[in-house]
Protein chains: 2
Amino acid sequence: MHASRLSLEAAPLAGIPAIEPGADLAALIADAATRTGVKIQGSDVLVVAQKAVSKAENRLRALDDVVPSDRARGLGAKLDKDPRLVQLILDESTDVVRAEHGVLITRTRLGHVCANAGIDSSNVPGGLVSLLPENPDRSARHLRAQLRDRLGEVPAVVISDSFGRPWRLGQTDVAIGCAGLTPLDDRRGHLDSFGHELQATLLAVADEAAAAAGLVRTKEGREAVVVVKGLDRYVTEPDGPGAAALLRPREDDLFG
Amino acid sequence: MHASRLSLEAAPLAGIPAIEPGADLAALIADAATRTGVKIQGSDVLVVAQKAVSKAENRLRALDDVVPSDRARGLGAKLDKDPRLVQLILDESTDVVRAEHGVLITRTRLGHVCANAGIDSSNVPGGLVSLLPENPDRSARHLRAQLRDRLGEVPAVVISDSFGRPWRLGQTDVAIGCAGLTPLDDRRGHLDSFGHELQATLLAVADEAAAAAGLVRTKEGREAVVVVKGLDRYVTEPDGPGAAALLRPREDDLFG
């Protein structure tokens, strides 16, 4: 393997405007690339912020339109959260993992475990909140197909969000959707330099790509798209299993 | 902020030999940089694999030298693990977080929660296992000081390891030690593009830097050092709080 194949570059794609509901993300990406002279190649990974996808897919909700159930009112009172927000979180979730200390951690309908089912109100107009895309893997596949038409090249697409984690402070960016990127690199069966089988065996490639992209966003979080180059060996022509492959089967999980 | 400041590059430092116990990592890094023509700058972050640091610090143990306690024998039988390995794990830990399904997750003496207290046997000679560095933040500060002497430049240093996580499959690289890098970027009080306070407020910079570096290591895991450029705004002259700042206080944690 050449050393040149093992270097990574990540930079935001400049020139993408604020995303409006119904926006055509592929068109905005192609226009921005043309205007800024960035050549998007089939070996690139485009890491797209969840918020941009949610807005384009019109996944904004007005809190004033939500009528909270008794359960949402009870949890809201316990956690000091707006019961209308709690109702939206419950609607997006299959179960509550933790509801303590002002924190509501749920499993979303698609199986991601995160705070508030990924719903938040930053970078959306007042009174609105953004839900996660209904099916981020499908969104990634859809965007990839549209980019193929627009660019003539087929980059991989990752849709990223910032999740907190147990035991460690701060959020890291993870992949909630992907297409055309090997989400997990299975290293089982590979031998280390002493000829033993490797123990750390499954690299979460899509999550690490999201994390690398997270480092080049500004504090204001406005950049919708980061272009990551150098992951050629993980980029695949088929869309592949998506970020769904990153979800640990519930029966194998030790943390509820 | 210039667009050029917001791009990231990560590449392994070629030319570092297999690390022997007692090796002088700073000397090996400086020699490799000189031989390969890589200019390490004060704005760079060197992400050093835990295994390399553990070997240099002689944190290898022979399983044959370990006499397991009754508790280690019991846990070993329950989890189908070598009771001598279990004894080493217990010795390195303050408490057991989970011991089920063949998995032993503990809190290390320094507060990191991970499988097997970070002990493993890949890339070490047969019959030996490697423990985590005794104090990875101290190791990072020490290496940074030595690099200052060798290079005349003071890059930031991150010591990384691959950790599993609840709910998601695969490992991601995280920072178990760091010096000269802001481990957490506190975005609280910053306003989003609509003038609201941001909700995702604390970016785990050191963990994301470790993750970016993880993407450019090969399957064999031999590369001791990855040079990350473009994180200037997080590199600090003081060593700072280290990866200890990434540990959630136990009383605030919801997952034991």
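Does A:Arg35 count as buried or exposed, and how many C-beta neighbours does A:Arg35 have inside 10 Å? A:Arg35 has 11 such neighbours, so it counts as exposed. Keep in mind that we're looking at a predicted model here. A:Arg35 sits in helix H1 of chain A. Its C-alpha atom is separated by 7.6 Å from that of A:Gly15, and the two residues are 20 apart along the chain.

## Two domains in chain A

Now for the overall layout. The domain assignment splits chain A into domain 1, made of 3-58 + 133-247, and domain 2, covering 61-128. Taken over C-alpha atoms, the centres of these two domains of chain A are 26 Å apart. Where they touch, domain 1 of chain A brings eight residues and domain 2 of chain A brings eight residues. On the domain 1 side of that contact, strand E8 (residues 156-165) of chain A gives the most, with three residues. That side of domain 1 of chain A divides into three nonpolar, three polar and two charged residues.

## A helix with many covered residues

Next up is helix H5 of chain A, residues 136-151. Its 16 residues reach 21 Å from the first C-alpha to the last, close to the 22 Å expected at 1.5 Å a residue. Several residues of H5(A) are buried, including A:Pro136, A:Ala140, A:Leu143 and A:Leu147. The buried set of H5(A) also has A:Asp137, A:His142 and A:Arg144 among its members. What lies over them? The cover for the buried residues of H5(A) includes helix H1 (25-36), strand E2 (45-49), helix H2 (50-56), E8 and strand E9 (168-179) of chain A. Right after H5(A) comes A:Gly152, with a positive phi near 75°.

## Into the core

In soluble globular proteins, nonpolar side chains tend to be buried together. Here, the largest nonpolar core holds 152 residues, and A:Val158, A:Ala209, B:Val158 and B:Ala209 touch the most other members. Leaving out residues up to four places away in sequence, B:Val158 touches a list that includes B:Val45, B:Val47, B:Ala140, B:Cys178, B:Leu181 and B:Ala209.

Over in chain A, A:Ala175 belongs to strand E9 of chain A. A:Ala175 is buried because 32 other C-beta atoms lie within 10 Å. Beyond its neighbours within four places in sequence, A:Ala175 is in contact with residues including A:Val158, A:Ser160, A:Pro183, A:Asp207, A:Ala209 and A:Leu246. As for A:Leu8, its C-alpha atom is 18 Å from that of A:Ala175, with their positions 167 residues apart along the chain.

## Strands in chain B

Strand E8 of chain B, residues 156-165, has nine of its 10 residues buried, so it is largely enclosed by the rest of the structure. Strand E12 of chain B, residues 225-229, is mostly covered too, with four of its five residues buried. Here is how some of the strands pair up:

| Strand pair | Direction | Bridges |
|---|---|---|
| E2(B) and E8(B) | parallel | five |
| E8(B) and E9(B) | antiparallel | eight |
| E1(B) and E12(B) | antiparallel | four |
| E2(B) and E12(B) | antiparallel | four |

You can follow these pairings residue by residue. B:Leu46 has B:Val157 in E8(B) as its bridge partner, and B:Val157 in turn has B:Ala179 in E9(B). For B:Glu9, the bridge partner in E12(B) is B:Lys229, while B:Val48 stands opposite B:Val225 in E12(B). E8(B) and E9(B) also form a hairpin with two residues between them, and B:Trp167 in that turn has a positive phi of about 70°.

## Two loop residues with positive phi

Back in chain A, which loop holds A:Asn58? A:Asn58 lies between H2 and strand E3 (60-62) of chain A. Although it is not a glycine, A:Asn58 has a positive phi of about 60°. A:Asn58 has 13 C-beta neighbours inside 10 Å, so it counts as partly exposed.

A:His101 is in the loop between strand E4 (93-100) and strand E5 (103-108) of chain A. A:His101 is not a glycine either, and its phi is positive at about 50°. With 12 C-beta neighbours inside 10 Å, A:His101 counts as exposed. That one follows because a residue is exposed at 12 or fewer such neighbours.

How values were computed. Residues are numbered from 1 along each chain as its sequence is written. Chains are lettered from A and ligands numbered from 1 in the order in which they are written. This is a predicted model: local features need pLDDT of at least 70, side-chain atom pairs count only at pLDDT 80 or more; totals for chains, interfaces and linings use all residues. Domain bounds come from an automatic or database domain assignment. Two residues are in contact if their C-beta atoms, placed from the backbone, lie within 7 Å. Ala, Val, Leu, Ile, Met, Phe, Trp, Tyr, Cys and Pro count as nonpolar, Asp, Glu, Lys and Arg as charged, and the others, Gly among them, as polar. The expected span of a helix is 1.5 Å times one less than its number of residues. A residue is buried if 20 or more other C-beta atoms lie within 10 Å of its own, exposed if 12 or fewer, and partly exposed in between; C-beta atoms are placed from the backbone. A nonpolar core is a set of buried Ala, Val, Leu, Ile, Met, Phe, Trp, Tyr and Cys residues joined through C-beta atoms within 7 Å. Two strands pair if DSSP finds at least two bridges between them.
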